[in-house]
Every structure is written in structure tokens, then in C-alpha cells.
Amino acid sequence: MIRYLPLLMVLAACSAGTPYFRDVPATRVAVNGSVFDVRVRGDIAEAVRVNVQYAPRLGPIRDRAGLAMAQVSGCPILDVLGDAAVTVGVLGCDREAGERLLLTAVSTPNYECVDYGIYENVGSGYGYQVFECTPY
């Protein structure tokens, strides 16, 4: 068991936030088959994909991560940068003042998301909210 401890420590750190988001609690959200730990700090959000997907490209993951960050932050997402594992989004509103910026969002206007009130894996301690998002 002790010889596997380094491997377990590495796997446990996979969903940890990047240094800027490390102390921010994560909200786990599923969007169309991708599961993200989303952290919001200031006017930036981070989505770390935590589920296994075969050879994901950034294109579909980028849109899903943007939707996840929009759902958690309550703001439109202006831009999403990163790779298929970790993405960072620029929020299109001032969360503290509760005002939306007069800028065009990238991800949110093309999809409509329904929250069914379903929470997956609640008993495991890593429960997450499930959204079904469809283009309109």
C-alpha cells in the first residue's frame, strides 16, 4: 500500500485548482457528458475537467467548460482559454456589483441549459449538479 501512496497523491491533486484558484472552493458541474470542478475568483473562472474522456478536443470541451463557468458564476463568459483539461474564462459581469458588462459573451447565448435538480455521486463526497444544455 505504501508504494502506491505517491500515485494516489498525484491522482488526488488532478482536480486541484491552479495556484491562483487553489484556496477557492470548487463547485462540481456536469455539462453534456463532461464533469468540471469550477472555481470563481474576481472576474475570472477556472474549469478543471475531472472525468475521463477519450481524446477530447478543445473545441467541444471549450464550449462545455464555458457553460459550466457561466452556470456557477451567473455571468456570461467573454472568452475561454486553455486546453482540454484546464480552461480559464473571463466573466462578463461584475459579480460584486451584480451588473453585467456591455460586452458580447462567447458561450452563453448559443445554448439553453436546464437544471433538473439532479445531483450525481452525492454519497461519495464529490457530488455534482447535472445540467442538460442544448443549442437553440
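## Exercises on a predicted model

Asp37 and Arg28 are both buried, where buried means under 20% relative accessible area, exposed means over 50%, and partly exposed lies in between (1.4 Å probe, protein chains only). The model is predicted, so local features need pLDDT of at least 70 and side-chain atom pairs count only at pLDDT 80 or more, while totals for chains, interfaces and linings use all residues. Residues are numbered from 1 along each chain as its sequence is written, and side-chain values use heavy atoms, with hydrogens and water left out.

**Exercise 1.** Work out which residue forms a salt bridge with Asp37, and how many salt bridges a search of the whole structure finds.

*Solution.* Start from the criterion, which asks for a side-chain nitrogen of Lys or Arg within 4 Å of a carboxyl oxygen of Asp or Glu. Asp37 meets this criterion with Arg28, since the closest N and O atoms are 2.6 Å apart. The search of the whole structure finds 2 salt bridges, and another pair to examine is Asp79 with Arg62, whose closest N and O atoms are 3.2 Å apart. This pair links distant parts of the chain, because Asp79 belongs to strand E4 (residues 77–82) and Arg62 to helix H2 (residues 58–73), 17 residues apart; helices (H or I, at least four residues) and strands (E, at least two) are DSSP runs, numbered from the N terminus. As a last step, check the accessibility: Asp79 is partly exposed because its relative accessible area is 30%, and Arg62 is partly exposed because its value is 22%.

**Exercise 2.** Describe how strand E2 is joined to strands E1 and E3, and say how many of the residues of E2 are buried.

*Solution.* Two strands pair if DSSP finds at least two bridges between them. Strand E1 (residues 27–31) runs antiparallel to E2 and is joined to E2 by 5 bridges, and within this pairing Thr27 has Val38 as its bridge partner. On to strand E3 (residues 44–49), which pairs with E2 in the antiparallel sense over 6 bridges, with Val48 as the bridge partner of Asp37. Next, look at the turns: the hairpin of E1 and E2 has 2 residues between the strands, and Asn32 in the turn has a positive phi of about 50 degrees. The hairpin of E2 and E3 also has 2 residues between the strands, and there Gly42 takes a positive phi near 65 degrees. Finally, E2 (residues 34–41) is mostly covered, with 7 of its 8 residues buried.

**Exercise 3.** Find which residues form the aromatic pair, and decide whether each of them is buried or exposed or partly exposed.

*Solution.* Rings of Phe, Tyr and Trp (its six-membered ring) pair if their centres lie within 6.5 Å, and planes under 30 degrees apart count as stacked, over 60 as edge-to-face and the rest as tilted. The search of the whole structure finds 1 aromatic pair. This pair is formed by Tyr20 and Phe21, which are 5.1 Å apart centre to centre with 85 degrees between the planes, and hence edge-to-face. Tyr20 is partly exposed because its relative accessibility is 43%, whereas Phe21 is buried because its value is 2%. One further step concerns Arg41, which lies over the face of Tyr20 at 4.3 Å from the ring centre; the criterion is NZ of Lys or CZ of Arg within 6 Å of the ring centre and within 35 degrees of the ring normal.
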